[in-house]
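Visitor: Please take me through one part of this model in close detail. I would like the core and the strands around it.

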Amino acid sequence: MIRAAFSALLFAIAAPALAQQNTAIPNEICSETPRGADKLDLRRIGPLLEGSWTETARGIGPTMGVHRNALEIVYDRIRNRLYIAADGMQTELVPVRGGNRELRYDFVKGAPMDPSMFAIKPDVAEWAFVLGCDIGLAPQFSWHIGSGARRADGIISFFSETEAMGTKWNSGRGAREISLSRR
């Protein structure tokens with residue numbers, strides 16, 4: 001009886017204190033102040049994104065199959081630039097200015113993606129929210145390799161230090177939704 005009363009008293013004292021604690025996931029990538037791609041501090045988040053990542057890329061429309069690739073994100077502290085490197089090629093990740101672009105958009109067709117083609121099934125905004133990130137303010141980068149008939153482009157939003165999502169497309173009219181996870 002005394003044990004039960006003592007336990008109830010401890011719970012009554014501890015419950016309000018626990019309720020006041022901030023239980024949000026700490027997210028250094030989406031904690032810009034002021035926030036948003038226009039004001040991101042690459043000197044702060046570049047080192048957090050640098051490292052080995054795994055890319056899963058599911059084909060959209062006529063582009064078939066799922067590709068899995070290992071890639072590196074490299075932060076150049078001297079030039080204050082971020083690069084993505086894979087298969088012996090490297091290109092700059094350029095911050096998107098003027099507001100983030102739609103992630104689930106088929107840039108080849110110029111239309112929203114068919115939900116059956118999503119590489120990641122959850123809603124993008126909900127996925128970012130679970131990671132402690134406002135999707136509209138996630139740091140977003142664009143990239144391109146090659147030119148003319150041999151060009152590929154992409155866009156990537158980083159939701160945390162370990163998760164990112166984007167779309168890539170090429171001059172051959174192929175497109176893929178991509179998911180990046182820290183290795």
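Guide: Here is a walk from the core to the strands and then to two loop residues. This is a predicted model, in which local features need pLDDT of at least 70, side-chain atom pairs count only at pLDDT 80 or more, and totals for chains, interfaces and linings use all residues. Residues are numbered from 1 along each chain as its sequence is written, and side-chain values use heavy atoms, with hydrogens and water left out.

Start with the core. A nonpolar core is a set of buried Ala, Val, Leu, Ile, Met, Phe, Trp, Tyr and Cys residues joined through side-chain atoms within 4.5 Å. Buried means under 20% relative accessible area, exposed means over 50%, and partly exposed lies in between (1.4 Å probe, protein chains only). The largest core has 20 residues. Leu49, Phe141, Ile156 and Phe158 touch the most other members. Helix H2 (42-49) supplies at least two residues of this core, and so does each of the strands S1 (51-60), S2 (66-76), S3 (81-86), S7 (140-145), S8 (152-158) and S10 (175-182). These elements are DSSP runs, numbered from the N terminus: helices are H or I with at least four residues, strands are E with at least two. A second, separate core holds 10 residues, including Cys30 and Met165.

Look at Leu49 itself. Contact here means heavy atoms within 4.5 Å. Beyond neighbours within four places in sequence, Leu49 contacts Ile29, Ile73, Leu82, Phe141, Phe158, Ser160 and Arg182.

Now the strand pairing. Two strands pair if DSSP finds at least two bridges between them. S1 pairs antiparallel with S2 over 8 bridges, and Trp53 stands opposite Leu71 of S2. S1 also runs antiparallel to S10, joined by 8 bridges. There, Arg58 stands opposite Glu177 of S10.

Next, a lysine. Lys168 lies in strand S9 (residues 163-170). Lys168 is buried, because its relative accessible area is 18%. Its side chain makes a polar contact of 3.1 Å with that of Glu55. A polar contact is a pair of N or O atoms within 3.5 Å; within protein, one must be able to donate a hydrogen and the other to accept it, and residues adjacent in sequence count only if both atoms are side-chain atoms. Lys168 also touches residues over four places away in sequence, among them Ala57, Trp143, Asp153 and Ile178.

Finish in the loops. Asn80 sits between S2 and S3. Its phi is near 55°, a positive value in a non-glycine residue. Asn80 is partly exposed, with a relative accessible area of 23%. Asp87 sits in the loop between S3 and strand S4 (89-95). The phi of Asp87 is near 55°. Asp87 is exposed, at 69% relative accessible area.
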